[in-house]
Every structure is written in structure tokens, then in C-alpha cells.
Amino acid sequence: QDRIFRRDCLEVDVKVGGRPLTIFAVHFKSMNGRGDDVDGRIATMPLRTAEARAVRTIVERRFGTSGAGNFVICGDMNDYQERVVISGVPRSGLTFSPVAEEQSALNVFSHDLFAENVVRRRPELDRWTLYHAQGMKVRHLCQLDYLWLSSAMARANAGAIPEIIRKGQPFRTPFPPGQEVERFPRTGWDRPKASDHCPVVIEVVVP
């Protein structure tokens, strides 16, 4: 009888240009582990997988199993299917290396093309929404914030590219070459900052 969602799945119906669109907004279980010797992401992945399966079940009950229908699943999902590993030091130059992850709770949405993570339409090194670091040993950029368009919505907006707003990132966040942006006023080395996360936005038409 344990609950599935650590935070509620919010379902919102809106109209865009007179056409219906349903938004499923979520915030999945964090990757915080218990102790330095535990991989928090792997330890908590079963909880996020259960949340993703529950969201998909809710969506399928309304729209069917094919990914048809006008819906988007969005929010902070606290997991990633790829990351950009950072090595080196700023003085001599940083190296940014993309790495694919075989295990992810988000495979629930993508394995059969039920929905599309449209951020993957951006270049491989330019999909991140968060910088994670544990000293110098663990440093990477990854996408935790998502807009999963239904397969029908994705087809109708095949040319739409999402934008990632990084102006609120603190100055300690390393940007891959060519991605540097002008920060919001008063942004500091670590604080003040807008958030650890970067908002993701896309302009779409509703078929």
C-alpha cells in the first residue's frame, strides 16, 4: 500500500489555438543515496522507474498505448540517459566527453517511441540542464529536466528545437566551448543563483 509518487503527478488540460493539450507535470525521486559508498542514482532508480511506469499507465488509460494524442510529460525527472563527463582543470583546459547510460528510469518512455525527449534534437554536448560535482573526482553535465512530447506531437513539430535557459547558472558551472552565456545580474560563484536546474522551453503547434 506504499505510495508510488514522491511528489504528485499533476494533470492539466489546456487549449492552444482552440486545440486540446494535456500536460503531465512531475518531479521524480531524487538521486540522493545513503552514504558516500552508495551510488545514489542506482540505489533510487527502482523508485523513479515505478514513478515513470505509473505516469505512463495514467497517460495510456486516457490516450492509449501508441503515443497518439496531444500530451506532454514534463518536469524534473532526476535521471538521465546520457551525460557529459568533465575531466581536466580549467588552467590547462577541460575535456567534455559524452557517455550513454544503458540503465535509466526514463527508458520507460523511450524504449518503444511512446514519447520523444525533444532535447535530444540539440547537439550532443548541448543537452544538459544541470551540473553535478563531487570534488574533482565526479564531474558531469546531464539532462534532468524534460519535455517528452507524444509521438503524435513530436511528428507534428518535427522541426521544433527546444531552448535551454542557462543564464541563472552559477559561475562555478563549466560550460563546453561555445556555450557560455551572459549570466543574470547578481549571479555569484555558487550563490546567488536562479537554480541548479535550467528551464527547458519549446514552441509547438497542437495538431
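This section describes the overall fold, the internal spaces and several individual residues of a predicted model.

The secondary structure of the protein comprises three helices and 11 strands. Along the sequence, these elements follow the order β-β-α-β-β-β-α-β-β-β-β-α-β-β. The C-alpha atoms occupy a box of roughly 55 × 40 × 30 Å along the principal axes. The radius of gyration is 18 Å. This agrees with a compact globule, because 207 residues packed in that way would give a value near 17 Å. Of the 207 residues, 43% count as buried. Contacts often span long stretches of sequence: among those between residues at least 6 apart, 70% join residues at least 24 apart.

Empty space within the model was examined next. Rolling a probe the size of a water molecule over the atoms shows where such space is left. A search of the whole structure finds one cavity of 30 Å³ or more. The volume of this largest cavity is about 30 Å³. Its lining consists of Tyr 80, Gln 81, Glu 82, Asn 117, Arg 120, Gln 143 and Tyr 146. By class, two of these residues are nonpolar, three are polar and two are charged.

The second largest pocket holds about 320 Å³ of space. Strand 5 (93-100) and strand 7 (130-134) are the elements that each give two or more residues to its lining. The lining has 14 residues in total. Nearest the centre of the pocket lie Pro 90, Tyr 131, Arg 139, Arg 172 and Pro 174. The lining divides into 10 nonpolar, two polar and two charged residues.

Arg 139, one of the residues nearest the pocket centre, belongs to strand 8 (residues 138-142). Its relative accessible area is 10%, so Arg 139 is buried; the cut-off for that class is under 20%. The side chain of Arg 139 reaches the backbone oxygen of Gly 88 at 2.8 Å. Gly 88 is also among the contacts of Arg 139 beyond four places in sequence, together with Val 84, Val 85, Ile 86, Ser 87, Leu 94, Tyr 131, His 132 and Ala 133. Tyr 131 is thus listed both as a contact of Arg 139 and among the residues nearest the pocket centre. Val 85 lies 54 residues from Arg 139 along the chain, yet their C-alpha atoms are separated by 6.2 Å.

Two further buried residues sit in loops. Asn 70 is found between helix 1 (40-63) and strand 3 (71-76). Its relative accessibility is 12%, and Asn 70 therefore counts as buried. A polar atom of the Asn 70 side chain lies 3.2 Å from the backbone oxygen of Pro 20. Beyond its neighbours within four places in sequence, Asn 70 touches Arg 19, Pro 20, Leu 21 and Thr 22. The list of contacts for Asn 70 also includes Phe 63, Ser 150, Met 153, Val 206 and Pro 207.

Pro 162 lies in the loop between helix 3 (151-156) and strand 10 (163-164). At 1% relative accessibility, this proline counts as buried. Outside its neighbours within four places in sequence, Pro 162 is in contact with Val 118, Val 119 and Arg 122, and with Val 200, Val 201 and Ile 202. Glu 101 is 61 residues from Pro 162 in sequence, and the C-alpha atoms of the two are 22 Å apart.

Several loops carry notable backbone geometry. The peptide bond joining Arg 191 and Pro 192 is cis, with omega about -5 degrees. Pro 192 is in the loop between strand 10 and strand 11 (200-201). Positive phi values occur at two residues other than glycine, Asn 78 and Leu 113. For Asn 78, phi is near 50 degrees. This residue is located in the loop between strand 3 and strand 4 (82-89). Asn 78 counts as buried because its relative accessibility is 8%. For Leu 113, phi is near 65 degrees. Leu 113 is placed in the loop between helix 2 (107-110) and strand 6 (115-117). With a relative accessible area of 67%, Leu 113 is exposed. Burial thus separates the two residues: Asn 78 is buried, whereas Leu 113 is exposed.

Methods. Residues are numbered from 1 along each chain as its sequence is written. This is a predicted model: local features need pLDDT of at least 70, side-chain atom pairs count only at pLDDT 80 or more; totals for chains, interfaces and linings use all residues. Side-chain values use heavy atoms; hydrogens and water are left out. On a 1 Å grid over the protein atoms alone, a cavity is a set of points where a 1.4 Å probe fits but cannot get out, and a pocket is an open set with protein on both sides within 12 Å along at least five of seven lines; lining residues have an atom within 4 Å of a point. Grid points are joined across faces, edges and corners, and a volume is the space filled by probe spheres set on the points. Helices (H or I, at least four residues) and strands (E, at least two) are DSSP runs, numbered from the N terminus. Ala, Val, Leu, Ile, Met, Phe, Trp, Tyr, Cys and Pro count as nonpolar, Asp, Glu, Lys and Arg as charged, and the others, Gly among them, as polar. Buried means under 20% relative accessible area, exposed over 50%, partly exposed in between (1.4 Å probe, protein chains only). A polar contact is a pair of N or O atoms within 3.5 Å; within protein, one must be able to donate a hydrogen and the other to accept it, and residues adjacent in sequence count only if both atoms are side-chain atoms. Contact means heavy atoms within 4.5 Å. The radius of gyration is taken over C-alpha atoms; the globule rule is 2.2 Å times the number of residues to the power 0.38.
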